[in-house]
Structure formats: structure tokens, C-alpha cells
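Biologist: I am new to this structure and should be grateful for a close look at a single part of it. Please take one helix, describe its surroundings, and then relate them to the rest of the model.

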Amino acid sequence: MECGGIPPLSLVPSDHPATLLAMAAATSVKDALRSPEPRESILVQGWVRTRRDSKAFSFIELNDGSSLKNLQIIANDTLPNYSDVQHLATGSSIAVRGRLAASQGKGQSWEVIAEELTIVGRADETYPLQKKGHTPEFLREIAHLRPRSNLFGSVFRVRNRLAYAIHTFFQERGFVYVHTPIITGSDAEGAGELFRVTTIDAKSPPRTADGQIDYAQDFFGRSAYLTVSGQLQVEAFACALSKVYTFGPTFRAENSNTSRHANEFWMIEPEMAFCDLGCNMDTAEELVKYLITDIRSNCPDEIELFGKFVDKELMARLDFVLDRPFQRISYTEAVELLLKSAQKFEFPVEYGANLQSEHERWLTEKHFRCPVTVFNYPKEIKPFYMRLNDDGKTVTAMDVLVPGIGEIVGGSQREERLDVLEANMQRHGLDPADYKWYLDLRRYGTVPHSGFGLGFERMLMFVTGVSNIRDVIPFARTPGSAEF
RNA sequence: UCCUGAGUAGCUCAGUGGUAGAGCGGUCGGCUGUUAACCGAUUGGUCGUAGGUUCGAGUCCUACCUCAGGAGCCA
């Protein structure tokens, strides 16, 4: 599979007047453009990007989403419906049967001389997309039409390829894809606010004796939520199938209003048995590099577009990341570096506190100027499941920071010692009784194991240079916004 | 949620308390193997919403809404 690709049209409304649509499978614009030779007969279908009239014919730029490039159609005035063709507006859908021939003009090698042109669906002058550039903010308001733009068509072809590359990476390495549940009963995973899933009537909920809503009478007989992470569940599968990963949607009810947060996003969570923190960091870094390499070589047109119109530094940065090993630095060393730096920070650097965004940016953008993996954080600022180091002060957390985005990967070696894990839970105010099944993994044949979460959209932002997460999700869900 | 900024034509924006503007787009015509074509004409407005100050508000004040950038939370 390559960056784009659409299946041939096989289902056609029976009452449709277009005879062309009933013909054999159409050729995609992408395939037409890379044809090795002229073709006597070809059928192409798509949407009109723009049209220009010449003396005795009309130029139509046709795009079907299979490629960034358009296919030029020559519609001669001998076509019986030429007067209609001359009024074809941007956005209209057409089917064209004709001859694929070498172009007489510059700028494209092939063009289609139309012998029959069917107008499938008109678009009138209110069609909001112009052939000139639009701001991403405007296109965001027409999220249902923006995939027809060059920028968003490219983003979503790359999104497709990135998902494919993620599966390829893990499948080639013997990982098993596990579908962890979307609905979860864990309400204290420490990964943020949760969306409640309920069938209780909001107007007259069942009450307990003390007046609280009685969720024991809810659909699942308990409180249930949309998942904030498949990690706890996937650990169970790692402790059986050894190397596993999840790749699915994740939901956080945080009121985050930033360019890097959405309330519904996709996450990749590998989990590996018999794997310590070093092995974990190796895997995360190898994955990030693999994905960049894959997109770089399989979506060249799209990357070129992003480099031209989205982020001029994109290609240099991607190559730079590929050429160099990731920097690894412990939290303690990072704090020392930050304290020694002459840089003035808005927030003070101090051991024991979380690194601020500006601190992370300094490390990855100013100091090392490449991705940085920070590991061994103070236990106080990390969740209960991370493995306690021998120093008794730090846990085996690791974050991969990349320039321009910040944290793209967060992970750790998990605490595999039952007694230490129970103590961690108590320190975090959690009741081990609520995690019986999770503790069983340590009770029966426990093994050292590690894993991490890679934000799918953040990775996509990194490889495309697109700076707002809303622009790499088909229909973004953010606070106050779920229109489409 | 907090801080900062913005909201004027379909889009991008100008408009310094006194007649609502430009470029692009759209439409019509011309020209032309064109390439974000070109030339001419034309179309286009609840100035985010609601109040207030003023003889007079797009412009000043207040509240709210929306968007953007930054912060926190994190992926």
C-alpha cells in the first residue's frame, strides 16, 4: 500500500443517467499520471479543482484524492454537452472517458482528451473552496470539505500511510496486535479526567440512601468510562504473548485548549515482557525513526508540499533526526543542564518538579537540537505503576521529546514486584483491592516488562510539520467543539 | 481553566469618533495549449452578539460568544 489509493467504483445508483459510471473499473488519477505509455481508452472520475477555457476547448484539472497531483482533462467544444462543461464550477464531480495522451503543454506529461464527459454532481458558486490558498483556520470550519484541499488531502493520505507503517513495524518484529477495551471500569489510571459512559436517565437517576447517584444500578453495574489508556489491560497480554501493542482511540475529558491536545485521539501502546527501560527506549527510538523513514520515502509529494507551504524547515529536520542518534539523559542530568544554562526561564528549574514546556523545548530545540529521551524521573511526579529504581527516589519513566512538539512518547518499565507495587498504590492513595486482576499479573509468574504510549496525532504532526492537532484529525473533538 | 491577541464582503485584510473600502473569488464578456492564466465590466456587508457613552460608534466602555497563540494537564 502506498500513500494514497482508492478502490475502483463498483456500486452505482441504478437510476443514475451517467452511462460512463456503469463501465469497467476506472483508473485513478495517480495511476493515470504514472502510466508508462499512451492509452486509447481510459475512464477517470473525480472532482473539478479548476477549469480554464481556451478557444475551442476547456482545460479541467481533475482530482480524485489518489494523489496530490491533478490530471488535466481536455474537453473539446465538439462534446455534445460542451455548453454545460463550460459552466462546470470548482467542486463538481465528473466522469470522463477518453484518450490518455502526451500533453502538448508544459507542466504535465499526460492528459486525457475527453470523448465523453458526464457531469455527476454539480457544485455551484457557493462552493467555499477556491483554487487559491486558504488558511487552516478557515478550512477547519468546513471540515467536511477540507479533505478536498491539497493540504488536507495530503495530511490524510499521510495519516493513512503512518497507520500502515506502525502496523508494519510491529508485525515485522513479532508483536501481536491486541484490541483493548474502549469502555473501562478503571477510574484511577492517573492519566487524566474521564468521560463517563452511562445509560442512567439524567432527569431521574437512581439514588443511594445518602442521596448520591447509584451507579451500581447503571448499565454495567458500576461506574464505567471511556478509556484513557489501554496500558493496564495490554500488560495482561504482554504477560502471555510477550510482545504486544494496541492502536486505537483514547479519550480524555481534560479541558485542554492547546494546539497539541484533543479529547479524542489515537495512541499506540506497545508492551514487552522481559524488557527493561533500556530495551524500552531502544524500541521507542527505533519506532520513531522507522516511521519518519517510511513516510519520507513513501509520501514524497506530500512531504514536499508540507516543506513548501507548512514548514520550510521540515525536510531538514526530518533528515537531521534520521542522521543522528537520539540524545539520552536522566532527569537529574537534565535538571543540572537546565540549571547551568544561561537561559532565563519563566518558571524556575528545580529538582523534584515536572519539567515545564519551556524546559523541554530548550533541551530538544536549543541545547541538543534533536530528539531527547529523558529517563528516571522522581517517583513523586509519576504514576503508581512505574518501577521503583534502586535509589528509592526515582522511577523508570521515560519521555521522548521532539523539537516543535514536545512530548511524543511517554513510557516506563512497569513495577513487577508485588509488594513494591502495592506500596506504590498506597502512596498514591489507591486501594490495591480495586486492582486485583492487575496485581494477579505480579502474583502469578511476574516478569520485568516495559511499554510506552506514542501519540499518533503528535507523530503525524511531527512528520508533516502541521502545528495544530485539529488539522491532523478528520473531525477533531476539542472542548466545546464536536460539530461534525 | 488562566494570560495575550483577534473577529469588517465567500476568502485575506485596510479602515487613526464624521458617506463601508481593496485584492482575490463569483458572475458576464473578450482573448488565449492554459498552469493560482491574462484583459474589461459587474456582484458583493446585521462591521461576532447584547447593552452603554456620544449630536454621531466599525472605531470608545462593559459583558458574553467564537477563533488563534502561550500556560497547566498529557500523548
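Modeller: In this predicted model, the part I have chosen is helix H12, residues 436-443, in which Tyr438, Leu439, Asp440, Leu441 and Arg442 are buried. This buried run includes two leucines, Leu439 and Leu441, and also Asp440 and Arg442. The buried residues of H12 pack against two helices, H5 (231-241) and H11 (418-427), and against strands S14 and S15. After H12 comes Gly445, which has a positive phi, near 65 degrees.

Two of these neighbours lead to the RNA. Strand B has a polar contact of 2.6 Å between one of its sugar or linking oxygens and a backbone N or O atom of Ile408. At Gly455, a backbone N or O atom is 3.4 Å from a sugar or linking oxygen of RNA strand B. Strands S14 (406-414) and S15 (449-455) are among the elements that give two or more residues to the surface near RNA strand B, as are helix H3 (136-141) and helix H10 (357-367). The packing partners of H12 thus include S14 and S15, and both of these strands contribute to the RNA surface.

That surface may be described further. Around RNA strand B there are 50 residues, of which Lys106, Arg140, Thr258, His261 and Arg458 come nearest. Of the atoms of RNA strand B within 4 Å of the protein, 50% belong to sugar and phosphate. A base is also approached: a polar side-chain atom of Gln108 lies 2.9 Å from a base oxygen of RNA strand B. By residue class, the surface near the RNA holds 11 nonpolar, 21 polar and 18 charged residues.

Another neighbour of H12, helix H5 (231-241), brings us to the cysteines. Cys275 and Cys279 are joined by a disulfide, with an S to S distance of 2.1 Å. The link of Cys275 and Cys279 is left-handed, at -110 degrees about the S-S bond. Cys275 is buried, at 2% relative accessible area, whereas Cys279 is partly exposed at 27%. Cys239 is in no disulfide, because the nearest cysteine sulfur, that of Cys275, is 12 Å away, and a disulfide requires sulfur atoms within 2.5 Å. Cys239 is partly exposed, with a relative accessible area of 28%.

Finally, the setting of H12 is a chain with 13 helices and 15 strands. Buried residues account for 50% of the 484 residues of chain A. Of the contacts in chain A between residues at least 6 apart in sequence, 67% join residues at least 24 apart.

Definitions and conventions:
Residues are numbered from 1 along each chain as its sequence is written. Chains are lettered from A and ligands numbered from 1 in the order in which they are written. This is a predicted model: local features need pLDDT of at least 70, side-chain atom pairs count only at pLDDT 80 or more; totals for chains, interfaces and linings use all residues. Side-chain values use heavy atoms; hydrogens and water are left out. A residue is near a molecule or strand if one of its heavy atoms lies within 4 Å of it. A polar contact is a pair of N or O atoms within 3.5 Å; within protein, one must be able to donate a hydrogen and the other to accept it, and residues adjacent in sequence count only if both atoms are side-chain atoms. Helices (H or I, at least four residues) and strands (E, at least two) are DSSP runs, numbered from the N terminus. Ala, Val, Leu, Ile, Met, Phe, Trp, Tyr, Cys and Pro count as nonpolar, Asp, Glu, Lys and Arg as charged, and the others, Gly among them, as polar. Buried means under 20% relative accessible area, exposed over 50%, partly exposed in between (1.4 Å probe, protein chains only). Contact means heavy atoms within 4.5 Å.
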